[in-house]
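Here's a quick tour for anyone meeting this protein for the first time. Have a look at the model, then read on.

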Amino acid sequence: AYPASVRIVEVGPRDGLQNEKTIVPAATKIELIDRLSRTGLQTIEATSFVSPRWVPQLADAAEVYAGIDRQPGIAYPVLVPNLQGYERAIAVGVREVAVFAAASEAFSRKNINATIDESLDRFAPVLERARADGVKVRGYVSTVLGCPYQGDVPLADVVRVARRLHDAGCYEISLGDTIGIGTPTKARAMLAAVGEAVPMSALAIHFHDTRGQALANILACLELGVAVVDAAVSGAGGCPYANGATGNVASEDVVYMLEGMGVATGVDLPRLVETGNWLSARLGRETSSKVGRAAA
Ligand code: HMG
Ligand code: MG
């Protein structure tokens with residue numbers, strides 16, 4: 001049975017924009033988040049407090065976060081790779097952060113210049129501070145269905161990293177198919193394996209649509225009861241440290257599918273479509289959302 005409702009975690013302002021070559025003005029990022037705030041979304045990942053040398057596009061994280069018109073009832077998490085990022089985030093009023101690890105050693109080194117264990121050690125003080133500050137922490141596991149450097153990623157490695165993030169205090173673990181390489185039966189088997197170690201209610205799925213499999217993978221995973229789905233408006237994005245990785249599944253397409261199946265999302269689809277098409281126009285390209293194209 002499918003869940004009665006699904007919470008969409010909108011990652012467009014972060015995952016969607018982090019890989020843009022041309023710097024998007026802070027004002028556009030702020031307008032994007034404010035528009036998304038009027039669509040019924042409950043969670044909007046706003047930006048990343050990572051090294052500006054590693055991700056120049058998000059060097060304006062503090063300016064963007066401070067500029068958004070935060071609405072009650074909406075969470076605006078941000079990515080932090082270490083305590084320095086956490087402190088920069090807290091200084092501008094952030095109340096929820098996300099730490100990000102990988103299931104593949106090779107990807108961990110390329111993305112955050114650390115082994116998996118080093119990265120988990122680095123997150124420990126962040127989690128400790130967050131607990132003291134009453135700040136919620138989400139955890140990501142990347143490369144759960146394959147790695148651009150290492151190839152196959154053993155399920156046991158995915159389970160181990162997810163369990164460790166959950167044990168360390170992350171309230172939710174988002175499982176990322178960073179390079180959009182999975183297919184539905186593999187995605188479902190991966191989620192089932194992690195679900196043995198972490199409660200399904202604490203899991204989210206994060207699928208990039210590089211090979212057009214994301215909606216199918218989501219549907220297969222929903223059958224196991226997962227009820228949190230990450231998506232990016234207009235299907236923008238990709239990870240700068242995973243060559244060839246394209247955007248996340250488009251939020252419009254996820255909402256269209258779910259609402260069409262009678263699964264409530266709380267999202268106003270026409271407003272979301274309008275926002276995705278607005279963003280695509282700003283970025284000077286056609287939207288990657290099929291639903292967005294159909295409406296244009
Ligand atoms: P490093 O170079 O090893 O860092 O990078 P370091 O600790 O040695 O510090 C080097 C310099 O960076 C120092 O400055 C620090 O102050 C500065 P210097 O003294 O040389 O002038 N620095 C910082 N500055 C601002 N904010 C910070 C910060 N930290 C250090 N937080 C580091 C290590 C983790 C910082 C770097 O590798 C990094 O920022 N990586 C982030 C890469 C990234 O953002 N990738 C994309 C997000 S993950 C993703 O997209 C996947 C996901 O969507 C799920 C999926 O799809 O699978 C989540
Ligand atoms: Mg991603």
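## Two strands side by side

Let's start with a pair: β6 and β7 run parallel and are joined by 4 bridges. This is a predicted model, by the way. Within the pair, V141 sits opposite L175 of β7.

Is β7 mostly covered or not? It's covered: this strand spans residues 172–177, and 6 of its 6 residues are buried. In a regular strand, side chains alternate between the two faces of the sheet. In β7 both faces are covered, with E172, S174 and G176 buried on one side and I173, L175 and D177 buried on the other.

## The whole sheet

Zooming out, 9 strands make up an open sheet with parallel pairing, in the order β2-β1-β9-β8-β7-β6-β5-β4-β3. The edges belong to β2 (43–44) and β3 (47–48), each of which pairs on one side only.

Another pairing to look at is β8 (residues 203–207) with β9 (residues 228–231): the two run parallel, joined by 2 bridges. Here I205 stands opposite V229 in β9.

## The overall build

The protein chain counts 12 helices alongside its 9 strands. Measured out along the principal axes, its C-alpha atoms fill a box of roughly 45 × 45 × 35 Å. A compact globule of 296 residues would have a radius of gyration near 19 Å, so the chain's 17 Å agrees with that picture.

As for packing, 52% of the 296 residues count as buried. Among contacts with a separation of 6 or more, 73% are between residues 24 or more positions apart.

An unreviewed UniProt entry places the feature "domain: Pyruvate carboxyltransferase" at residues 6–273. Over that stretch the chain is 40% helix and 15% strand, and the C-alpha atoms at its ends are 18 Å apart.

## Around ligand 1

How many residues surround ligand 1? There are 27, and the closest are V50, G85, S142, G176 and T178. One of these, G176, is also among the buried residues of β7.

Which elements each supply at least two residues of this shell? They are α4 (83–91), α5 (105–112) and β6 (136–142). The most comes from α4, with 3 residues. By type, the shell divides into 12 nonpolar, 13 polar and 2 charged residues.

## Two residues with positive phi

Most residues other than glycine have a negative phi. N113 goes the other way, with a phi near 55°. You'll find N113 in the loop between α5 and α6 (116–133). It has 13 other C-beta atoms within 10 Å, so N113 counts as partly exposed.

S234 isn't a glycine either, yet it has a positive phi of about 70°. Its place is the loop between β9 and α10 (251–260). Is S234 buried or exposed? With 32 other C-beta atoms within 10 Å, S234 is buried.

## A stop in helix α7

One more residue before we finish: D157, which belongs to helix α7 (residues 155–167). Why does D157 count as partly exposed? Because D157 has 19 C-beta neighbours inside 10 Å, while a residue needs 20 or more to be buried.

D157 and R38 are 119 residues apart along the chain, and their C-alpha atoms are separated by 39 Å.

Terms used: Residues are numbered from 1 along each chain as its sequence is written. Chains are lettered from A and ligands numbered from 1 in the order in which they are written. This is a predicted model: local features need pLDDT of at least 70, side-chain atom pairs count only at pLDDT 80 or more; totals for chains, interfaces and linings use all residues. A residue is near a molecule or strand if its C-beta atom, placed from the backbone, lies within 6 Å of it. Ala, Val, Leu, Ile, Met, Phe, Trp, Tyr, Cys and Pro count as nonpolar, Asp, Glu, Lys and Arg as charged, and the others, Gly among them, as polar. The radius of gyration is taken over C-alpha atoms; the globule rule is 2.2 Å times the number of residues to the power 0.38. A residue is buried if 20 or more other C-beta atoms lie within 10 Å of its own, exposed if 12 or fewer, and partly exposed in between; C-beta atoms are placed from the backbone. Two residues are in contact if their C-beta atoms, placed from the backbone, lie within 7 Å. UniProt positions are given in the numbering used here, feature names are shortened, and annotations may be inferred rather than shown by experiment. Two strands pair if DSSP finds at least two bridges between them.
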